[in-house]
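Reader: I would like a close look at a single part of this model, followed outward into whatever surrounds it. Could you take me through it carefully, in one connected account?

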Amino acid sequence: MSRKGNNPLGRIVRAGVSRKRVQTLVMTLTTMTAVTASVLASGLLVDSQGPYQRAFAAEHGAHLSVDVSGTAVDAGQLAATAHVAGVTGTAGPYPTLTLHPRVAPGNRFMPAGDPMEATTVVGRPIDGPLDDLHVTEGHWLTGPGQIVLPDGHSPMAIGDRMVVPDAPGHPVLTVVGLAASVTGTADGWVAPQEIPALTPPGTVPDEQMLYRFAHADSQAEVAADRAAVAAVLPAGATLGSTSYLDAEQEADRNSATFVPFLVAFGALGLFMSLLVIGVVVSGAVTAGRRRIGILKAIGFSPAQVVRAYLGQALIPATTGAVLGVVLGNLLSIPVMGIADKALRSVTLGIPFWLDLAVPLVTLAAVTGAALVPARRAGGLRTVEALAVGRTEQAGRFGRSAHSRASRLPLPRWATLGLALPFGRPARSAITMAAVLLGTVGVTFGVGLALSLNQVAQGLSHDRPGAVQVLPFPPLGSGVKARLVNAADLDAAGSAIAAQPGTAGSVEITTARTAVAGKPGQTQVIGYRGDSGWASMQIVSGRWFAAPGEAVAPKAFLSAYDVHVGDTVTLSENGRSAPVKLVGEVLSVDNELLTDAGSLTPLALPLVPDSVTFAIELKPGTDPDAYISSLTHALAPYGLSAIPSGGNINITVLAMDSLATILTLMLVTVAGLGVLNTVLLDTRERVHDLGVLKSLGLKPRQTVGMVLASVSVTGLVAGAVGVPIGILLQRTVLPAMAGAAGTEVPGADLDVFHAPLLLALLAGGLVLATLGALAPATWAARARTATALRTE
Amino acid sequence: MSAPIIEIRDVSKTYDASDAARPALADFSLEVAAGEALAVLGPSGSGKSTLLNLIAGLDRPDRGVVRIAGTPVHELGEAALAGYRRERIGMVFQFFNLLDDLTVEDNVLIPAQLAGTGRVEARERANELLTRLGIARFARAYPGTLSGGQRQRVAVARALMNNPPLLLADEPTGALDSESAAEVRELLGALVAEGRTLVLVTHDTGLAAQCATRIIELVDGRLARDVRNTPLAVAR
Ligand SMILES: Nc1ncnc2c1ncn2[C@@H]1O[C@H](COP(=O)(O)OP(=O)(O)OP(=O)(O)O)[C@@H](O)[C@H]1O
Ligand SMILES: [Mg+2]
């Protein structure tokens, strides 16, 4: 038919797009936000599907890492393990040492001299035949005195330094890089030639061997493989081993935790975008009635009208979709970086097919949302559309709303405003739904963040109190590191109790022991002294109060299939100790917590490294003064005091940042929806407004009238949206916790206290007001003459 | 005399089912020959606009036949009506009905573009019309910046763009001050003098007297008067 550039349809569409700036902007921003959020959420969803298995394959993960005593075996014996039946690959031997480093001066966050956790370092190259390391920040080892730490699982940053006080000359290691190991085979990596310098005099480094097996799908298969390897080595040579299944379980748990919350946000965002796009396009149709009439009067066919209105929706939507893909990919770098650390995955970024699929699906949805009003436009009766002077009257609904509102004891401008939404019930309802979803999103997002932080705080109760005492002497005290014995601990306990400022203290020992009738060993934490103040957060039941009682987190209860009220029997070398479970505590670890007295019958050997003290201070005590004084008092026993630092939980951090971004996006889209609706309403009523203003309505009253018109929307959205948001939080959070293998204490769900609730309830109103403010001001400023002249 | 270009037979039109007592048009019949300039007078609400809308195919009769230049308009579907309007009808409204977001020239071009006229040819015709109607200097302006009389001339130019056999005007001077109204009157008179077929709905008896070759009057949807007239424009 007509040639390019001579197409009236194109011209009409272009004119509609470029002259209806606000509508076009709202459509573009809405689509952009929806696509950004969807790209992020679905990218993470895809990334959280088996991230571990993917990374394991990509990085040649090892099924098992075995630590072997360096004095008991020689290289030949280790090499021979490669030929054990079922072994399909080996790497190593790599020399390995467990260091007890201290923070060296000049670190950004950690005070110099603080003891760090025991750090198992391995001397190895970056690429082995197995367990390739993947540098995520900084670089790999390039010279002496350098160390690379596992990303996301270490307290130090690049440039930080640690000192190794046990080795001759107190060598210093500088962190030059962070790397990911898919199997989690070490707490740090150094060059093999660095190991001798780090070895305390009189000891020999152990050796680490990495294995891949033909069959390693279950704990039992891995155990059998381990036994087969151990069998060809001298008895007692195998010191310990780490199965990839632990890392896999942790990673799977973390990724499963993300899914419920991503799905909730994704669904909210999608619904809301569709609503807003629907309201924008149908608003454009209503506002364009006369224009549609003209188009048809001069010969546009209904199909051409439909196409014109679809085009007006699709041009900004396409722009928005493209921008959204770009923004989503940009945002994904920091967001997915954090998430990937939590997932122990390799940053894969947004898969390319998602960059195509998300905008296509969004545009299809936009087309669907736009098709309904566009077809209505096509079918609009020409005469009615053209009827002038017969401006569309408010329906019966609107008229009765006006007469009812006018009876309210409010200024006339307010009652006029209050009745406005009823003139267009459908549009008002959709806008209300958008604000409602926005309110749901904010309530959910705030509740999620608060609960997560509460849970994280609850989880950090495994380090109770303000001060911690660790079994290492203070740096520079001149005291030589030595193994702490039972007498030291008793003396230290008395010294702590005698220290002014001590409100309570408890000695905490970690041991491993068997549970009667079950394979393997479990971690048991024994508390000596009054531990009531150091209680972890209780999910159900109570904290133990006497020897013979114990509490455990969900992971333990489900692993051993026991319940609160049951008795578990711990056993060690034929001795046994029954303990009664009196409560469930909040923790994601698989462990049993009990009074140290419960463990006495087992006669467990003291593992000096594993003993710590937790101390609570009396109110008003200066922690710094307390710590320096206590450290002085404890120095003779080879112990030192440090403040109990809160752990940053990487998973909580990842979720917090995601929740913030997604909530902000929901609010933006909802606000845009309101903006658009009020703008359309105001445009439509520009003539009425002109009449009112000619009758003496002041600009401020005009603003008030328009704001009053959205107040109902905002209040109802708040009243309905907040309960739904709370319900969502109460559904999604336990689902996330369930995936993480824990239960959420009711206290951590009850985060909506009265002032917060009031703020959230008012949130809908604020959101609606913000969206309406610009058009309201515009309405107030519009010159009366212009308004009256508008046909 | 040639075959009638407008042939309306026994047409009835009622808008509201509940308003059944008062049809907008009742058993209405009318024939108009090519070259006639028909002025439709009548009190407000007598059915003048309804009649015009039926002729334009903007609305459908409840009963009866509307045949324009041989086309049974009352039988056409929506898409066919669009084609019919674009090729046979040029319409001028009381309130101009220009597209405010297109320039004057683009407004005038639309009918030709819809009809698939070549770009060069369409622009030539638009320029010619705009020049003839004295509004060529507003070609790039937007309708919102024009006076009422100027806007109505743009509307007339748009109506004439495809050189339709039938020109319809619904109170073209109704929204204009007397000076602008005079301009439009003159313009329509000139078109009639060219022999163009025109149906003109108006309250303005002066306009009717100046332009029409025939004047009818509607009362309550019925034909109350039908007289010949010698248009002043032609006489002069
Ligand atoms: N879209 C409509 N819906 C309902 N009733 C209508 C509609 N259009 C016209 N009417 C009614 O039909 C009758 C005829 O109206 P019409 O517009 O044809 O009158 P008119 O002669 O053009 O009047 P005016 O001189 O005021 O323009 C009137 O009673 C009017 O109220
Ligand atoms: Mg009329």
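Author: In this predicted model, a backbone N or O atom of B:G45 lies 2.8 Å from an oxygen atom of ligand 1. The residues that follow add to this picture, since a polar backbone atom of B:S46 is 3.2 Å from an oxygen atom of the ligand, and a backbone N or O atom of B:G47 lies 3.1 Å from an oxygen atom of ligand 1. On its own, ligand 1 has 630 Å² of accessible area, and the protein covers 72% of that area.

The surroundings of the ligand can be described further. Ligand 1 lies between chains A and B, and there are 14 residues around it, of which B:S44, B:G45, B:K48, B:S49 and B:T50 come nearest. When the residues of this shell are divided by character, 7 are polar, 4 are charged and 3 are nonpolar.

Turning from the ligand to the chain that carries these glycine and serine contacts, chain B has 236 residues, 56% of which count as buried, and its secondary structure comprises 8 helices and 10 strands. Four of the strands in chain B form an open sheet with antiparallel pairing, and their order is β2-β1-β4-β5. The edges of this sheet are β2 (25-33) and β5 (71-72) of chain B, each of which pairs on one side only. Within the sheet, strand β1 of chain B, covering residues 4-13, runs antiparallel to β2(B) and is joined to it by 6 bridges; in this pairing, B:P4 stands opposite B:A33 of β2(B).

Two values describe chain B as a whole. If one considers contacts between residues at least 6 apart in sequence, 67% of them join residues at least 24 apart. The accessible surface of the chain comes to about 9,400 Å², and carbon and sulfur atoms account for 48% of that surface.

Chain A, the other chain beside the ligand, offers one residue for a closer look. A:T522 belongs to strand β14 of chain A, which spans residues 521-528. Is A:T522 buried or exposed? A:T522 has a relative accessible area of 2%, and therefore it counts as buried, the cut-off for that term being under 20%. Leaving aside residues up to four places away in sequence, A:T522 touches A:A511, A:R512, A:T513 and A:V515, together with A:F556, A:Y560 and A:N590.

How values were computed: Residues are numbered from 1 along each chain as its sequence is written. Chains are lettered from A and ligands numbered from 1 in the order in which they are written. This is a predicted model: local features need pLDDT of at least 70, side-chain atom pairs count only at pLDDT 80 or more; totals for chains, interfaces and linings use all residues. Side-chain values use heavy atoms; hydrogens and water are left out. A residue is near a molecule or strand if one of its heavy atoms lies within 4 Å of it. A polar contact is a pair of N or O atoms within 3.5 Å; within protein, one must be able to donate a hydrogen and the other to accept it, and residues adjacent in sequence count only if both atoms are side-chain atoms. Accessible areas come from the Shrake-Rupley method with a 1.4 Å probe; for residues, only the protein chains shown count as cover. Ala, Val, Leu, Ile, Met, Phe, Trp, Tyr, Cys and Pro count as nonpolar, Asp, Glu, Lys and Arg as charged, and the others, Gly among them, as polar. Two strands pair if DSSP finds at least two bridges between them. Helices (H or I, at least four residues) and strands (E, at least two) are DSSP runs, numbered from the N terminus. Buried means under 20% relative accessible area, exposed over 50%, partly exposed in between (1.4 Å probe, protein chains only). Contact means heavy atoms within 4.5 Å.
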